[in-house]
Amino acid sequence: MTRLFTPMQTALDLAREAAAAGEVPVGAVITDPETQEIVSVGANQPITFNDPTQHAEIVAIRAAAAKLGNYRMPGLHLYVTLEPCAMCAGAISLARLGKVIFAASDPKGGAILHGPKLFSQPTLHWRPEVGQDTDAAPVASKLLKDFFRARR
């Protein structure tokens with residue numbers, strides 16, 4: 001059986017690479033939906049760089065901004081394996097990303113469906129379209145559960 005390429009599949013592969021490096025398994029991919037091009041990718045790496053801001057989404061946003069020469073990305077889509085936290089949701093808004101698609105929800109640390117529900121706040125200047133990839137959610141959840149189970 002041939003596996004079809006999808007941005008979320010790439011994000012899941014990046015999450016697996018993060019786990020292999022001892023990082024929490026989260027991967028992110030920014031795409032241009034018009035060209036189907038992957039603009040940038042990111043994987044969690046706060047331990048590697050001793051930097052708490054090195055979440056997969058932030059890594060991908062920084063790489064896309066550098067590549068495009070612009071910090072605003074209204075036509076681009078972000079695929080991420082875990083519901084973004086408050087820091088990442090704030091960066092997504094500031095980057096003006098057009099759409100966010102996440103796999104696993106995060107009742108403890110998520111900030112889109114949970115916690116501050118950042119994109120629902122009336123003072124937010126930019127709200128992306130949001131979707132959940134329910135097909136990828138069980139895979140992403142299993143990666144996270146297996147990762148943390150192995151550390152207990």
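Which residue in strand 5 does F102 stand opposite? The answer is Q132. Welcome to a quick tour of this predicted model, which takes in an open sheet of five strands, two helices that lie against the strands, and a buried loop residue, Q54.

**The sheet**
- The five strands follow the order 2-1-3-4-5, and their pairing is mixed.
- Strand 2 (37–43) and strand 5 (129–132) each have a single partner strand, so these two stand at the edges with one side left without a neighbour in the sheet.
- From one strand to the next, the twist averages 20 degrees.
- Strand 4 (residues 99–104) and strand 5 run parallel, joined by four bridges.

**Helices against the sheet**
- Helix 3 (residues 56–68) packs on the sheet, where it touches strand 1 (27–32), strand 2 and strand 3 (77–82).
- The direction of helix 3 makes about 140 degrees with that of strand 2.
- Helix 5 (residues 137–150) lies across strand 3, strand 4 and strand 5.
- Relative to strand 4, helix 5 runs at about 60 degrees.

**A look at Q54**
- You will find Q54 in the loop between helix 2 (46–49) and helix 3.
- Is Q54 buried or exposed? Its relative accessibility is 12%, so Q54 counts as buried, the cut-off being under 20%.
- Q54 and N44 are ten residues apart along the chain, and their C-alpha atoms are separated by 6.1 Å.
- Setting aside neighbours within four places in sequence, Q54 is in contact with A43, N44, Q45, P46, F49, V59 and R62.

Key
Residues numbered from 1 in each chain as written. Predicted model: local features only at pLDDT ≥ 70, side-chain atom pairs only at ≥ 80, totals over all residues. Heavy atoms only, no water. Pairing = 2+ DSSP bridges. Axes fitted to C-alpha atoms, helices over the stretch in contact; angles between N-to-C directions. Contact = heavy atoms within 4.5 Å. Buried < 20%, exposed > 50% of the residue type's maximum accessible area, 1.4 Å probe, protein only.
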